[in-house]
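User: I'm new to this one, so please walk me through it piece by piece.

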Amino acid sequence: LLARLWSMQLVSQDEYSAQAERNRTRTISVTAPRGRILDRNGKELVTNRASLCVVAKSDVADNDMTVTLLANLIGMPPTAVRRNIQDATGGAQSMRTVAQDVSRRVVAYIEAHPHVFPDVEVVQRTQRLYPRGSLAAHVLGYTGAITSDQVKAMGSSDDGSIAYEMGDTVGQAGVEYEYESVLQGVNVYVDADGTVLSYASAVDPRAGSDVTLTIDADIQAAAEKALSDRISKLRAQHSDCNGGSCIAMDVTTGEVLAMASYPTYSPNIFVGGISADDWDALSSDAANNPLLNRAISGQYPSASTIKPLTALAALKNGIATPESSYYCTGYWTGFGSGYGQYCWKKTGHGAVNVQTGITYSCDVVFYEIGKGFFYSNDKNGLQDTFRKWGLGSNEGIDLPGEAAGRVPDADWKWEHYSYADDDARSWQGGDNTNLVIGQGDLLVTPLQMLCAYAGVSTRGKVWQPHVLKAVK
């Protein structure tokens, strides 16, 4: 007994003291509001609003009378009230949120009858608000309850950064996610009596920093309307025309003035947790993936927008010169009559050169360039030029989910089509004639092609695209 007492009091003193301290106190976080998100002219794109919430201690779930009274007062099924009280995602000792945005009538009744609801309170919290609805939704993103994986990934506050716990609201997409570290407010921790014991950092609870974007709300609205109108018009001719994107960027700075993606959604549906019905609607095939930011995550064949880069590759590698001339009859048989390919204009363009080949988007000019690369010593010269202009890699925009696209070559094709015979896996002349006109296995994002054309306009200087202008 003496040896055990000595061990407990001296050897394990720190461990038992820590356990006693944890038993003596319980920690509750008082959430600070997130910072606002503004456009380049100071217009609010994302802000916060006050919300009156009914909260209850976890023990209330076992009191059928209180649960029933709350359900009748708020207008919720008793099972939903009990389920909300049993939800421990905000921490085992925290007050559980029963209902948000309750009416003044509910508040007045609960405050006037404390003896009926001894373990129920009304608290004021802040809710995220997207006052312009779906405007710039894919840029702004949305918030949601933090997951256990995110809690682990975001670490602790030992170094003075923000500490996260289950129940916190964090950015889940767009700018809300990318700039979470500055938008998130600094929470304060109190004991059961409301006495401040310790802080997450050396400052009092405060709202997160405001973020000013390069986006212009008026240009963004015009871009979204033009995109929607254009898709609606095209859908009358092509029933499968259901999506698209539009980006406006200052090519001298890389500032993105507008970024639209269609179809879109309203981030407001995620505030306070998205319902199962809303999630099913967003996830259905008929919705055409409205959560996808097609501007940076959509990967498509570039089609004829690649032709200026093809021409630059040809000039750089000696496949063509400014004086090179071609004759387009509307049908090209450069690899033999058995492998003929049409120009988009089947009646032909007649005599053309590299410049007019771009002007009229004549496929025959570029078929000849593709053939030239196929028989040249530098068979990857075309792909190398594409990659130097940013295709096949991220542009580095400060938004999550950017896709890299793909620039196919002989090695990629051999690996990708490993199930096929050797002849089908080998790089063929037809692969080159597909590549030069932006077809075949080439995949690009709208942002990549924007940056490529920005580089053409500035004679080779490409600024990194970005949406952040300032943090206040």
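## A walk through the model

User: Which loop holds R459?

Analyst: This is a predicted model, so here's what it shows. On one side of R459 is helix α20 (446–457). On the other side is strand β17 (468–471), so R459 lies in the loop between α20 and β17.

User: Is R459 buried or exposed?

Analyst: Its backbone is worth a look too: phi of R459 is near 60°, a positive value in a residue other than glycine. As for cover, the relative accessibility of R459 is 82%, and exposed means over 50%. So R459 counts as exposed.

User: What is the relative accessibility of D101?

Analyst: D101 has a positive phi of about 55° although it is not a glycine. You'll find D101 in the loop between β4 (96–99) and α5 (104–112). D101 counts as partly exposed because its relative accessibility is 42%.

User: Which residue is joined to Y262 by a cis peptide bond?

Analyst: Strand β12 covers 256–262, and the loop after β12 runs up to α11 (276–283). The partner lies in that loop. With omega at about 0°, the cis bond joins Y262 to P263.

User: How many helices and strands does the protein have, and what share of its residues is buried?

Analyst: There are 20 helices and 17 strands in the protein. Of the 472 residues, the buried share is 42%.

User: What share of the contacts join residues at least 24 apart in sequence?

Analyst: The count takes in contacts between residues at least 6 apart in sequence. Among those contacts, the share joining residues at least 24 apart is 71%.

User: Is T214 buried or exposed?

Analyst: T214 sits in the loop between β10 (211–213) and α10 (217–235). Leaving aside neighbours within four places in sequence, T214 touches R40, E255, V256, L257, H466, V467, L468 and K469. With a relative accessibility of 0%, T214 counts as buried.

User: Which residues form a nonpolar patch on the surface with about 350 Å² of accessible area together?

Analyst: One member is in helix α1 (residues 2–11): that's V11. V11 is exposed, with a relative accessible area of 56%. The full patch is W6, L10 and V11.

User: How much of the accessible surface belongs to carbon and sulfur atoms?

Analyst: The accessible surface of the protein comes to about 24300 Å². The part that belongs to carbon and sulfur atoms is 51%.

User: How many disulfides does the structure hold?

Analyst: A disulfide is a covalent bond between the sulfur atoms of two cysteines. Take C362, which is buried with a relative accessible area of 0%: its closest cysteine sulfur, in C328, is 3.7 Å away, too far for a bond. The cut-off is within 2.5 Å. The disulfide count for the structure is zero.

User: Which stretch has a pLDDT below 50?

Analyst: The protein averages a pLDDT of 89, and 90% of the residues score at least 70. The stretch you're after has 12 contacts in the model beyond near neighbours in sequence. Where pLDDT is low, the predicted coordinates should not be read in detail. The pLDDT is below 50 over residues 199–203.

Note on methods: Residues are numbered from 1 along each chain as its sequence is written. This is a predicted model: local features need pLDDT of at least 70, side-chain atom pairs count only at pLDDT 80 or more; totals for chains, interfaces and linings use all residues. Side-chain values use heavy atoms; hydrogens and water are left out. Helices (H or I, at least four residues) and strands (E, at least two) are DSSP runs, numbered from the N terminus. Buried means under 20% relative accessible area, exposed over 50%, partly exposed in between (1.4 Å probe, protein chains only). Patches are made of residues with over 30% relative accessible area and no salt bridge: like charges are joined within 9 Å, nonpolar side chains (Val, Leu, Ile, Met, Phe, Trp, Tyr) within 5 Å. Accessible areas come from the Shrake-Rupley method with a 1.4 Å probe; for residues, only the protein chains shown count as cover. A salt bridge is a side-chain nitrogen of Lys or Arg within 4 Å of a carboxyl oxygen of Asp or Glu. pLDDT is the predictor's confidence in each residue, from 0 to 100. Contact means heavy atoms within 4.5 Å.
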